[in-house]
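User: I would like to learn how to read the features of a strand-rich model, one at a time. Could we begin with a single strand and work outwards from there?

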Amino acid sequence: MIIQFAEPINASVQIGDNAWYALTNSQGVPGNTYQTANTNSVLLIGVITAITSNSITVASPVNAPLAGAFIMFSKDDVVNRNNVLGYYARIKMINYSREKIELFAVGSEIAQSSK
């Protein structure tokens, strides 16, 4: 199943991500309407198998999205579960303000990537 979009898709979408959809409702008054989604009815479409600048492909869809549905994606938590990997990290913090500021804390988590 190929899902086409009118706008370019999010740059973070990758092959292997899960595609989801939620039905939307129009709310508001004439001249000032907006779309809302029912978060209790989010359904899995399936795993994304191909990506172009304005489409995604799901090879074996679990649920087919309806026209006008809000499409979203999530990362596979098995792949994206790790902390920062490696032996060292370098950060640079810059204060562009002319005012004095206080930095209360900086924290990190690491996981050794090889031994």
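User: In strand 6, which residues point one way and which the other way, and are they buried or exposed?

Analyst: Bear in mind throughout that this is a predicted model. When reading a strand, one asks which way each side chain points and how much of it remains accessible. In strand 6, Ser55 and Thr57 point one way, whereas Ile56 and Val58 point the other way, and all of them are buried. They count as buried because the relative accessible area of such a residue is under 20%.

User: To which strands is strand 6 joined, and by how many bridges?

Analyst: The general idea is to follow the bridges on each side of a strand. Strand 6, residues 55-58, is joined to strand 5, residues 43-52, by four bridges, and the two run antiparallel; within this pairing, Ala50 has Thr57 of strand 6 as its bridge partner. The connection between strand 5 and strand 6 is a hairpin with two residues in it. Strand 1 is joined to strand 6 by three bridges, again in the antiparallel sense, and here the bridge partner of Gln4 is Ser55.

User: Gln4 has come up now; is Gln4 buried or exposed, and what does it touch?

Analyst: For a single residue, one can set its accessibility beside its contacts and its distances along the chain and in space. Gln4 is found in strand 1, and it counts as exposed because its relative accessibility is 54%, the cut-off for that class being over 50%. Leaving aside residues up to four places away in sequence, Gln4 touches Asn54 and Ser55. Gln4 and Ser53 are separated by 49 residues in sequence, yet their C-alpha atoms are 9.6 Å apart in space.

User: In what order do the strands of the open sheet lie, and which are the edge strands?

Analyst: The order of a sheet is read across it, from neighbour to neighbour, and need not follow the numbering. Five strands form this open sheet, in the order 1-6-5-2-7, with antiparallel pairing. The edge strands, each of which pairs on one side only, are strand 1 (2-4) and strand 7 (70-74). From one strand to the next, the twist averages 40°.

User: How many bridges does strand 2 make with strand 5 and with strand 7?

Analyst: The approach is again to take each pairing in turn. Strand 2 is joined to strand 5 by four bridges, the two running antiparallel, and Tyr21 has Leu43 of strand 5 as its bridge partner. With strand 7, strand 2 (residues 18-22) pairs over five bridges, also in the antiparallel sense, and the partner of Asn18 in strand 7 is Ser74.

User: What is there to read in the pairing of strand 3 and strand 4?

Analyst: In a hairpin, one looks both at the paired strands and at the backbone of the turn. Strand 3 (residues 24-29) and strand 4 (residues 32-37) pair over six bridges in the antiparallel sense, with Gln35 of strand 4 as the bridge partner of Ser26. Two residues lie between the strands of this hairpin, in which Gly31 takes a positive phi near 90°.

User: How many salt bridges does a search of the whole structure find, and which parts of the chain does the pair link?

Analyst: For a charged pair, one reads the atom distance, the location of each partner and its exposure. The search finds one salt bridge, formed by Asp17 and Lys75, whose closest N and O atoms are 3.0 Å apart. The pair links distant parts of the chain, since Asp17 lies in the loop between strand 1 and strand 2 and Lys75 in the loop between strand 7 and strand 8, 58 residues apart. Asp17 counts as buried because its relative accessibility is 3%, whereas Lys75, at 30%, counts as partly exposed.

User: Which residues form the nonpolar patch on the surface?

Analyst: A patch is read as a group of residues, and then through its members. Ile91, Met93, Leu103 and Val106 form this one, with about 450 Å² of accessible area together. Among them, Ile91 lies in the loop between strand 8 (84-85) and strand 9 (110-111), and Ile91 is exposed because its relative accessible area is 62%.

User: Finally, how many helices and strands does the chain have, and what share of its residues is buried?

Analyst: Totals place the individual features in their setting. The chain has zero helices and nine strands, and buried residues make up 14% of its 115 residues. Among contacts between residues at least 6 apart in sequence, 68% join residues at least 24 apart.

Notes
Residues are numbered from 1 along each chain as its sequence is written. This is a predicted model: local features need pLDDT of at least 70, side-chain atom pairs count only at pLDDT 80 or more; totals for chains, interfaces and linings use all residues. Side-chain values use heavy atoms; hydrogens and water are left out. Two strands pair if DSSP finds at least two bridges between them. Axes are lines fitted to C-alpha atoms, for helices over the stretch in contact, and angles run from 0 to 180 degrees between N-to-C directions. Patches are made of residues with over 30% relative accessible area and no salt bridge: like charges are joined within 9 Å, nonpolar side chains (Val, Leu, Ile, Met, Phe, Trp, Tyr) within 5 Å. Accessible areas come from the Shrake-Rupley method with a 1.4 Å probe; for residues, only the protein chains shown count as cover. A salt bridge is a side-chain nitrogen of Lys or Arg within 4 Å of a carboxyl oxygen of Asp or Glu. Buried means under 20% relative accessible area, exposed over 50%, partly exposed in between (1.4 Å probe, protein chains only). Contact means heavy atoms within 4.5 Å.
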